[in-house]
Amino acid sequence: MNDPRLENATPADAERLLTFLFEHARNPWNYLPEQPLRAHFAGLAEGKVEALMARVDGELAGFVSFQTSRYFARYQPLETRDQPHGYISEAVVHPGHAGKGLGSLLLNAAVQRLQEQGVDAVFIDRHEENAASAGMMRKAGFVELDTYPDPERRPNGSGRTTVCVYRLA
């Protein structure tokens, strides 16, 4: 694999990223509801969501989408609970590039971008039993923080979500 080139996604890339996500991330572990994801990627045009794309030999090989949020405030220390933190919503790598470090490269780039925005922590979640995502997150420096029942989003396997964090402060 040639070295990947990272580039910022634009609003014009939203539909392509959705298509890539649905083609390469559908599995029993991933929660991919179409309408909420369309709304998420509409956030590219609104400046609420950012995404970084990785290209290898000119082809899209993966991407990560992220934003500042308060979704995981309950996991923040009391003194920063009312401040935004980072949230990585989607991270996907083409199966032909899996296991080569591209996912952790994308996650680290998103963490760096969020750190530049002044957050003190970045959160990401996954199905408890999603071993591929767990490895990618660990390799990028995320640590498991909590696992809880989440049958609506996780109807398969254990039915549980694991929240991971990358602390910057």
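Buried residues account for 47% of the 169 residues in the chain. The model is predicted. For a chain with 169 residues, a compact globule would have a radius of gyration near 15 Å, and the chain agrees because its value is 15 Å. Along the principal axes, the C-alpha atoms fill a box of roughly 45 × 35 × 30 Å. The accessible surface comes to about 8400 Å², and carbon and sulfur atoms hold 48% of that area. Of the contacts between residues at least 6 apart in sequence, 64% join residues at least 24 apart.

**Elements and sheet**

Four helices and seven strands make up the secondary structure of the chain. Read from the N terminus, their order is β-α-α-β-β-β-α-β-α-β-β.

How are the seven strands ordered in the sheet? The order is 1-2-3-4-5-7-6, in an open sheet with mixed pairing. Strand 1 and strand 6 (143-149) are the edge strands, and each of them pairs on one side only. From one strand to the next, the twist averages 25°.

Strand 4 (residues 85-93) and strand 5 (residues 121-127) run parallel and are joined by two bridges. Y87 has F123 of strand 5 opposite it.

Two helices can be described by the strands they meet. Helix 4 (residues 131-139) packs on the sheet and touches strand 4, strand 5, strand 6 and strand 7. The direction of helix 4 makes about 160° with that of strand 5. Helix 3 (residues 102-116) lies across strand 1, strand 2, strand 3, strand 4, strand 5 and strand 7 (160-167). With strand 3, helix 3 makes an angle of about 35°.

**A residue in strand 3**

S65 belongs to strand 3, which covers residues 59-69. Is S65 buried or exposed? S65 counts as buried because its relative accessibility is 0%, and the cut-off for buried is under 20%. Beyond its neighbours within four places in sequence, S65 is in contact with H40, F41, V49, E50, A51, Y87, I88, S89 and E90. One of these contacts, Y87, is the residue that stands opposite F123.

**Salt bridges**

How many salt bridges does the structure hold? There are 10, including the three in the table below.

| Basic residue | Acidic residue | Closest N to O distance |
|---|---|---|
| R5 | E7 | 2.5 Å |
| R55 | E7 | 3.0 Å |
| R153 | D150 | 3.2 Å |

The bridge between R55 and E7 links distant parts of the chain, with R55 in strand 2 (residues 50-56) and E7 in strand 1 (residues 5-8). These two residues are 48 residues apart. R55 is buried, as its relative accessibility is 12%. R5, with a relative accessible area of 48%, is partly exposed.

In the bridge between R153 and D150, the two partners fall into separate accessibility classes: R153 counts as partly exposed at 23%, whereas D150 is buried at 12%. Elsewhere, R5, E7 and R55 are joined into one network by salt bridges that share partners.

Terms used: Residues numbered from 1 in each chain as written. Predicted model: local features only at pLDDT ≥ 70, side-chain atom pairs only at ≥ 80, totals over all residues. Heavy atoms only, no water. Buried < 20%, exposed > 50% of the residue type's maximum accessible area, 1.4 Å probe, protein only. Contact = heavy atoms within 4.5 Å. Salt bridge = Lys/Arg side-chain N within 4 Å of Asp/Glu carboxyl O. Pairing = 2+ DSSP bridges. Axes fitted to C-alpha atoms, helices over the stretch in contact; angles between N-to-C directions. Rg over C-alpha atoms; globule rule 2.2 N^0.38 Å. Areas by Shrake-Rupley, 256 points an atom, 1.4 Å probe, with all protein chains shown as cover.
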